[in-house]
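Trainee: I am new to this structure and would love a close look at a single part, the surroundings of the ligand. Could you walk me through them?

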Amino acid sequence: MEFPFNVNNILSQKISKVGNSLIPEGYYGDRRSAWDYASKISDILDAMGKSSAVAQGLKNAITSGERLRNSEHTVYLLIDPEGKSGQGSVVGLLKVGRKKLYVFDASGAHHEMQPLCVLDFYVHESKQRMGCGKALYEHMLREEKTSPQYLAIDRPSEKFLGFLYKHYGLENILPQANNFVVFEGFFIENPDEVNNSHPFLNSRLLNTLNEGSQSKSSAVRTGKTEERYNGLQQLYGRYAAHRPPSTIGKILQNQSLKLLTVIFQF
Ligand code: ACO
């Protein structure tokens, strides 16, 4: 995406990190030029946010300069320094931030957490499927010192689900009562956990509880990837209100015997 100013002068790194000051991390300059930077970053966020919303079929943009200024979120911006005859163009946007959530594990127990969430992700249409999204995502993971399985995703699109499966092998979703998607592995030694409603729950117990769902999902894995994600889209996509299946009852019913056996072994 091109802008009526030299993008390379505003975003000097290939990937820049921007918080609520709207000044890219690492900026050194006087107050007057900081104001100019912030106003141009705001224009970039407004334009990229709008395009992201259009790409996702959303009525309102999730990202804008104003929204970022009034939040604790972080945006990563990817540029092509060679774009617009060497003036630079903006290629991608990735917004993350912490949210207080109640997250259900595979046994149906809820956990109060404040995980890092992926809130908005967009790569310009002319640059999709060329590895730009992966470069942006990897940079964010390094900066935030986290791993893909610990992120909660706000209503992922079908393309994003495909992206997570392709690059990180994430496919088995733990059903939630909100619009966030978390994957199997989310609870294993997750550093973000605040309060665990199952004090005795640990990874050994989780593995046992997950056995049933794993065998089911490996059957799905044999089908075509596209069909799989079309199916997931109906349940978890941005365009569908998510109604979680009644997994809690089922899991408790089917596995309570197994659970008791494991507890008594401790
Ligand atoms: N159709 C299906 N899968 C796609 C598509 C597409 N049009 N584009 C990317 N993907 C997935 C595929 O798994 C693809 O691998 P493949 O080409 O081998 O099939 C993989 O992503 C490509 O990886 P990258 O090139 O690193 O990713 P890209 O630069 O395309 O960025 C992104 C991925 C951000 C999802 C991009 O496709 C995009 O902007 N899509 C439109 C907006 C969107 O859906 N954003 C996510 C919304 S949800 C949220 O923000 C929380």
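Which oxygen or nitrogen atom of Arg 129, backbone or side-chain, lies 2.8 Å from an oxygen atom of the ligand?

Mentor: Happy to help! This is a predicted model, where local features need pLDDT of at least 70 and side-chain atom pairs count only at pLDDT 80 or more, while totals for chains, interfaces and linings use all residues. Residues are numbered from 1 along each chain as its sequence is written, and side-chain values use heavy atoms, leaving out hydrogens and water.

To your question: a backbone N or O atom of Arg 129 sits 2.8 Å from a ligand oxygen, which is a polar contact (a pair of N or O atoms within 3.5 Å). Ser 157 instead uses an N or O atom of its side chain, 2.5 Å from an oxygen atom of the ligand. Gly 162 offers a backbone N or O atom at 3.2 Å from a ligand oxygen. The protein covers 85% of the 970 Å² of accessible area that the ligand has on its own (Shrake-Rupley method, 1.4 Å probe).

Now the wider shell. There are 26 residues around the ligand, and Phe 121, Arg 129, Gly 131, Ser 157 and Lys 166 come nearest (near means a heavy atom within 4 Å). Eleven residues of the shell are nonpolar, seven polar and eight charged, with Gly counted as polar. Helix H6 (158-168) is among the elements giving two or more residues to this shell, and H6 gives the most, with six. Helices here are DSSP runs of H or I with at least four residues, and strands are runs of E with at least two.

Notes: Polar contact = N/O pair within 3.5 Å; in protein donor to acceptor, adjacent residues only side chain to side chain.
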